[in-house]
Amino acid sequence: MKIVSVFVNNPIFIELMYNSIKKFFKSEKEPELIIFNDAKTWPDITNFGDVSMKQQIIDMCKKLNIPCINIPNSHHKNQPSPSIRHSDSVNFITKFMFHYPDTYLMLDSDMFFIDNFNIKEFEQYYFCYINQSRNVNNIIINYPWP
């Protein structure tokens, strides 16, 4: 069982997520938290202009002994759309999941458990998600929101 999350800022949230998993996530086997680091090494709105954010995320993961995988993202310098940037990250993680089969739970970086959560309640499902829809050029696009 692996819990994965993409971070672009707020490394303190890694510690909050980690502690909430330890306290509230119920499973037969302790889950492994894996952080995917999509922080930018250039001044960007996503890092509040702080070019050290990528390293701060790496340092927090080291402090907590959590695997941290850097997502190649230099092509985002010329990509102003946050939705496309986010979908790039999710696609990167999806390829990781296919390469390393396991049971996965994907959380946004600002999601924390606040009460007991038993993953067994979802074992009968292959894939659970929140449906998201967007109108793009008068075409409704439906996709899973991680």
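Let's start with a pocket: the lining of the second largest one divides into 8 nonpolar, 1 polar and 3 charged residues. Keep in mind that this is a predicted model. The second largest pocket has a volume of about 170 Å³, and among its lining residues are Tyr-18, Phe-25, Leu-33 and Asn-65. Which element gives the largest share of that lining? Helix 1 does, with 3 residues. Helix 1 (12–24) and strand 3 (32–37) each supply at least two residues of the lining.

Strand 3 also leads us to the sheet. Here 4 strands form an open sheet in the order 4-3-1-5, with parallel pairing. Strand 4 (68–70) and strand 5 (104–107) stand at the edges with a single partner strand each, so one side of each has no neighbour in the sheet. From one strand to the next, the twist averages 25 degrees. Strand 3 and strand 4 are joined by 3 bridges, and Phe-36 stands opposite Ile-69 in strand 4.

Two helices lie across strands of this sheet, as the table shows.

| Helix | Strands it lies across | Angle |
|---|---|---|
| Helix 1 | strand 1 (2–7), strand 3, strand 5 | about 160 degrees to strand 1 |
| Helix 3 (residues 82–99) | strand 1, strand 3, strand 4, strand 5 | about 165 degrees to strand 5 |

Further along the chain, strand 7 (residues 130–136) and strand 8 (residues 139–145) pair in the antiparallel sense over 7 bridges. Ser-133 stands opposite Asn-142 in strand 8. The two strands make a hairpin with 2 residues between them, and Asn-137 in the turn has a positive phi of about 55 degrees.

Conventions:
Residues are numbered from 1 along each chain as its sequence is written. This is a predicted model: local features need pLDDT of at least 70, side-chain atom pairs count only at pLDDT 80 or more; totals for chains, interfaces and linings use all residues. Side-chain values use heavy atoms; hydrogens and water are left out. On a 1 Å grid over the protein atoms alone, a cavity is a set of points where a 1.4 Å probe fits but cannot get out, and a pocket is an open set with protein on both sides within 12 Å along at least five of seven lines; lining residues have an atom within 4 Å of a point. Grid points are joined across faces, edges and corners, and a volume is the space filled by probe spheres set on the points. Ala, Val, Leu, Ile, Met, Phe, Trp, Tyr, Cys and Pro count as nonpolar, Asp, Glu, Lys and Arg as charged, and the others, Gly among them, as polar. Two strands pair if DSSP finds at least two bridges between them. Axes are lines fitted to C-alpha atoms, for helices over the stretch in contact, and angles run from 0 to 180 degrees between N-to-C directions. Contact means heavy atoms within 4.5 Å.
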